[in-house]
Amino acid sequence: MSDYTLHSYFRSSCSARIRIVLGLKGLSYETVPVNLLKDEHLSDAHRALNPSATVPLLVCPTADRFSIGQSVAALEYLEEVHPEVATLPSDPKARAIARSLVQIINADTQPVTNMRIMRRVKAFGQDPAEWNKELMADGLRAYEAVASKSAGKYSVGDAVTMADACLLPAYWNAERYKVDLSQFPTVCKIAASLEDHPAVKAAHPFRQPDCPEDLRIE
């Protein structure tokens, strides 16, 4: 039996954050695919589970099947319940930096570049790809400025934190939208360090069970 159940979409960056941290902590999980392109997240059945009508939704192995419908809240929960493999530094200052980096992605970058916003941008007659490209670059520019002072091998020193779990899916999205990543040398260095981590490899969108066959990688 799996430790957790994760309702997710293979290309959802917020879902990837949780996959990475579950992998880092050695926790097993069952994936329940929710196809955003088919609007399955808008169904009554999914809204009953997550009133925000979004993914991810993390269902916990508690007697009441407690669930968490916001990714960063889920990351914090996993950190508190499974502290053996830490994803936040022990030093309060470093923890604050890691949390600030998390929110640069979670609050400033991802919400304005998600599919719901893209659909509205397109409805106004604008190019959603260009919208995303510019705003992703803005977010990574802020991340670069902060992480350039805190990074070692990873975003905050030499241990993987939840900041890295949020950064890399955003980095993958930026690659997809052809953002010029060379302008972010610290971000690129961190991403290169993360790409070889087994938990990161397993969490890659193109290795998920709902990934279409033509995109799948080994």
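# A guided tour, starting at Leu-36

Select Leu-36 first: this residue is buried, with a relative accessible area of 14%. Keep in mind as you look around that the model is predicted. Leu-36 sits in the loop between strand S2 (29–33) and helix H2 (44–49).

**Around Leu-36**

Which residues does Leu-36 touch, leaving aside those up to four places away in sequence? Show Tyr-9, His-41, Val-55, Met-115 and Arg-119, and you have the set. Now pick out Met-115 from that group. Along the sequence, Leu-36 and Met-115 are 79 residues apart, but their C-alpha atoms are 8.4 Å apart in space.

Stay in the loop between S2 and H2, and click on Asp-39. Its phi is near 60°, a positive value in a residue other than glycine. Most residues other than glycine have a negative phi. Is Asp-39 buried or exposed, or something in between? Its relative accessible area is 29%, so Asp-39 counts as partly exposed.

Next, go to Val-55, one of the residues that Leu-36 touches. Follow the chain from Val-55 to Pro-56: the peptide bond there is cis, with omega near 5°. Most peptide bonds are trans. Pro-56 itself lies in the loop between H2 and strand S3 (57–59).

**Into the core**

Select Leu-58 now. Leaving aside residues up to four places away in sequence, Leu-58 touches Tyr-4, Thr-5, Leu-6, Ile-18, Leu-22, Phe-66, Ser-67, Ile-68, Ala-74 and Leu-78. Nonpolar side chains tend to be buried together in soluble globular proteins.

How many residues does the largest nonpolar core have? There are 54, and the ones with the most contacts inside this core are Tyr-4, Ile-18, Leu-58, Leu-78 and Tyr-143. Try colouring the elements that each supply at least two residues of this core: strand S1 (4–8), helix H1 (13–24), helix H3 (71–81), helix H4 (92–109), H6, H7, H8 and helix H9 (198–203). H7 gives the largest share, 10 residues. Domain 1 (4–85) and domain 2 (92–200) each provide at least three residues of this core.

Apart from this core lies another, of six residues. Among them are Phe-10, Val-34, Val-55 and our starting point, Leu-36.

**Two ring pairs**

Show the aromatic side chains next; the structure holds two aromatic pairs. For one of them, select Tyr-9 and Phe-10. The ring centres are 4.9 Å apart and the planes meet at 65°, so this pair is edge-to-face. Both Tyr-9 and Phe-10 are buried.

The other pair is Phe-66 with Tyr-77. Here the rings are 5.7 Å apart, centre to centre, with 50° between the planes, and the pair is tilted. Where do these two residues sit? Phe-66 is in the loop between S3 and strand S4 (67–68), while Tyr-77 is in helix H3, and they are 11 residues apart. Compare how much of each is accessible: Phe-66 is partly exposed, with a relative accessible area of 37%, whereas Tyr-77 counts as buried at 19%. Why does Tyr-77 count as buried? Its relative accessibility is 19%, and buried means under 20%.

**Along the helices**

Now highlight residues 91–213. An unreviewed UniProt entry lists them as "domain: GST C-terminal". Over residues 91–213 the chain is 67% helix and 0% strand, and the end C-alpha atoms are 44 Å apart.

Zoom in on helix H5 (residues 115–123). At its start, a side-chain oxygen of Asn-114 comes to within 3.2 Å of the backbone nitrogen of Arg-116. Beyond the other end, H5 is followed by Gly-125, whose phi is positive, near 85°.

Move on to Asn-132, in helix H6 (residues 128–150). With 0% relative accessibility, Asn-132 counts as buried. Its contacts, not counting residues up to four places away in sequence, are Val-112, Thr-113, Met-118 and Tyr-177.

**Last stop: Lys-178**

Finish at Lys-178, in the loop between helix H7 (162–176) and helix H8 (185–195). Lys-178 is not a glycine, yet its phi is positive, at about 60°. Buried or exposed? Lys-178 is exposed, with a relative accessible area of 64%, whereas Leu-36, where the tour began, is buried.

Technical notes:
Residues are numbered from 1 along each chain as its sequence is written. This is a predicted model: local features need pLDDT of at least 70, side-chain atom pairs count only at pLDDT 80 or more; totals for chains, interfaces and linings use all residues. Side-chain values use heavy atoms; hydrogens and water are left out. UniProt positions are given in the numbering used here, feature names are shortened, and annotations may be inferred rather than shown by experiment. Helices (H or I, at least four residues) and strands (E, at least two) are DSSP runs, numbered from the N terminus. Buried means under 20% relative accessible area, exposed over 50%, partly exposed in between (1.4 Å probe, protein chains only). Contact means heavy atoms within 4.5 Å. A nonpolar core is a set of buried Ala, Val, Leu, Ile, Met, Phe, Trp, Tyr and Cys residues joined through side-chain atoms within 4.5 Å. Domain bounds come from an automatic or database domain assignment. A polar contact is a pair of N or O atoms within 3.5 Å; within protein, one must be able to donate a hydrogen and the other to accept it, and residues adjacent in sequence count only if both atoms are side-chain atoms. Rings of Phe, Tyr and Trp (its six-membered ring) pair if their centres lie within 6.5 Å; planes under 30 degrees apart count as stacked, over 60 as edge-to-face and the rest as tilted.
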